[in-house]
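I opened my notebook with two topics in mind: pockets and salt bridges. Here is what I looked up, entry by entry.

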Amino acid sequence: MYSHLSGGRVNIQLLQEAAVREFVEILDRCEGTKAIIWDESLGGPVGLVARYTFLKEHHVTKMYPLRPEAWTDIDVKNIIFITRPNQTLMDYIANNIHEEERKRKVSRKEYFLYFLPKKSFLCEKRLQIKGVHGSLSYIGEFRCEFFPFDSDLLSMELKDAYKELYLEGDTSCLHQSACALVALQKLYGRIPKVYGIGSYAHRVWEITKALTEENGHAMTNEKGVIDQMLILDRSTDLMSVLATQLTYEGLIDEIYGINNTTVNLPAEKFNTGEGLSTDRNTEKSQFILNSKEQLYTELRDKNFNAVGAVLSRMAKSIRSRANEKHGEKTIQELKKFVESLPHIKSNEQSLATHTTIAELVQDVISSHAFLDVLGCEQEFILCSDVDKPNSFIEDMIAKEAPLASVLRLICMQSIAGSGLKPKILDYYKRELVQVYGLKTLLTLGNLEKAGLLRQQTGSRTYHVLRKTLNLTAETPEEVSPKDITYVHSIYAPLSVRIVEQHLKPNGWQLLTEKLSSLPGPTFEDFQASPSLSSRRGSFTSELSQSDIPRVIVVFFIGGCTFAEISALRFLAQQDENNVEFVICTTKLINKNSFLDSFIEN
């Protein structure tokens, strides 16, 4: 069921199996029937490590989302709460327990609480204040720091890490990120060489080192399968989050939203039986999108303009197989053909599904509205007319276009110009408040705190980096790309260009000079094995097997997009790079989910 996780040199299935073992311990701690009440943000991600059939085998009869109102008629012996450490959620748990105890003067139920990934003293204190701490038979931890999305992709699924850091000053996600890196090294071995850019990336690494020292007895001193790690602070590259993704997977995510590898699409567009399930109430069909499906693996990282050719080629291949003449075949050949029929059937189903999805995406991206917005943002990416009010943005405001769409373009103009001239910024603010109301000022304040909107300063950071790191292409190469610019048609994500430059000889030293204008420090560190630290040449001996592909972890603090993931996979496919990536992130994000976290409703 999880075989697709073991495709690379770093076997991600080991991480999934470790999470399952943790989960089994939790479920087997209490005997009899069980109901799980989830923190809503965890139901989907935990589904990536354990399917519902697994839960049924361990006597879980019901599952509910954790909500303010108590659930009624939970007819089981044990209730297990699984939640992130959050004070508001502690109030919800207290409401549920109080309601159960009010209904039954002598409650026969047992309550268990598990924090994911770590216990919180403040949360336990909150439960004491609410008078339910003593009702809990056990309080423990579900140590699942990373959720496995694919054979090269791990996400912590921390919903608002960037917002918490920049708006709320809450740095708990940095500690959680460090814990995740310690867990990764416990499982896969010590990572000898570490690089990073950005102040929060640096803090994550400092906390990781401190935790590693504390956990010295539990850590392996041997170098593992991972050679290097690159930690990237999202704040160093905000343009790549706001730019429209033009890969197949990126567009599906931006238009329909991919959550925990599943997407919900209009049911009427698909034949009955297509998809994982169909919800009659919402009229949506659900599909799983991961590398288990061969066609999706081929399509997902391509620019959308290259998708049609792949679908057409597969349709021809299926047609030629179906039209084969079987009269002159031997018994063995016929037997082989019969054995391949289920595979052909599955390919036909896959082709039908992705042809329909491609049509749905095509309908959106061929519209004038989409193309006009794309044209405007590409002007900003090329640093064209960033120092004056943009007429397209003015028209959007006059037509009362969705606020998020307008703000995204203003933020892109601000990033491209390293800020907006004070007159232009004030003009945009006046126009926005006049059309969208006073509450827009709160949202604008959030965007300024987050570094997405600001007054222009002397240095032109983006303009300089666009030239020195070749971030833009004059002519798009979308169908047979030779460069990572294809993921946004004409723009290479700065984050991935940094990784690409780092792969070159002396790459990090040369990069450090070029990136001096970016916020926060660049750093590099070497974790020597105690047994090697006394021997000369230990550094090179651990890193010198040049014929084997290097394995590099790229960890995004603050989220990453599917376009960035596609660009990294493209680099890994180039023979001269001799590299395999494991991509880790606090959350998979897109321009919509990222901006929505700053908009005050």
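**Entry 1: the pocket.** Before searching, I wrote down what counts: a pocket is an open set of grid points with protein on both sides within 12 Å along at least five of seven lines. The volume I quote is the space filled by probe spheres set on those points. I also noted that I am working with a predicted model.

With that settled, I looked up the largest pocket, and it holds about 870 Å³ of space. I then asked which residues are closest to its centre. Out of 31 lining residues, the answer is Arg84, Pro85, Asn86, Glu164 and Gln176. Next I checked which elements give two or more residues to this lining, and found helix H2 (40-46), helix H4 (87-103), helix H5 (121-129), helix H6 (161-166) and helix H7 (172-188).

I sorted the lining by class as well: 13 residues are charged, ten are nonpolar and eight are polar. As for domains, domain 1 (3-144) and domain 2 (149-241 + 493-528 + 545-596) each supply at least three residues to the lining of the largest pocket.

**Entry 2: salt bridges.** How many salt bridges does the whole structure have? My search returned 26. I picked three to look at.

My first pick was Asp150 with Arg300, whose side chains meet at 2.9 Å, N to O. This pair ties together distant parts of the chain, 150 residues apart: Asp150 sits in strand E6 (residues 147-150), and Arg300 in the loop between helix H11 (294-299) and helix H12 (307-322). Buried or exposed? I had the cut-off for buried at under 20% relative accessible area. Asp150 is buried because its value is 3%, and Arg300 is buried because its value is 6%.

My second pick was Lys209 with Asp525, where the closest N and O atoms are 2.8 Å apart. Here too distant parts of the chain are linked, with Lys209 in helix H8 (residues 199-214) and Asp525 in strand E14 (residues 522-526), 316 residues apart. Asp525 comes out as buried at 19%, whereas Lys209 is partly exposed at 26%.

My third pick was Asp385 with Lys388, a salt bridge at 3.8 Å, N to O. Both partners are partly exposed, Asp385 with a relative accessible area of 41% and Lys388 with 45%.

**Entry 3: a network.** Lastly, I looked for salt bridges that share partners. One network built this way joins Asp150, Asp152, Glu249, Arg300, Asp301 and Arg569.

Methods
Residues are numbered from 1 along each chain as its sequence is written. This is a predicted model: local features need pLDDT of at least 70, side-chain atom pairs count only at pLDDT 80 or more; totals for chains, interfaces and linings use all residues. Side-chain values use heavy atoms; hydrogens and water are left out. A salt bridge is a side-chain nitrogen of Lys or Arg within 4 Å of a carboxyl oxygen of Asp or Glu. Helices (H or I, at least four residues) and strands (E, at least two) are DSSP runs, numbered from the N terminus. Buried means under 20% relative accessible area, exposed over 50%, partly exposed in between (1.4 Å probe, protein chains only). On a 1 Å grid over the protein atoms alone, a cavity is a set of points where a 1.4 Å probe fits but cannot get out, and a pocket is an open set with protein on both sides within 12 Å along at least five of seven lines; lining residues have an atom within 4 Å of a point. Ala, Val, Leu, Ile, Met, Phe, Trp, Tyr, Cys and Pro count as nonpolar, Asp, Glu, Lys and Arg as charged, and the others, Gly among them, as polar. Domain bounds come from an automatic or database domain assignment.
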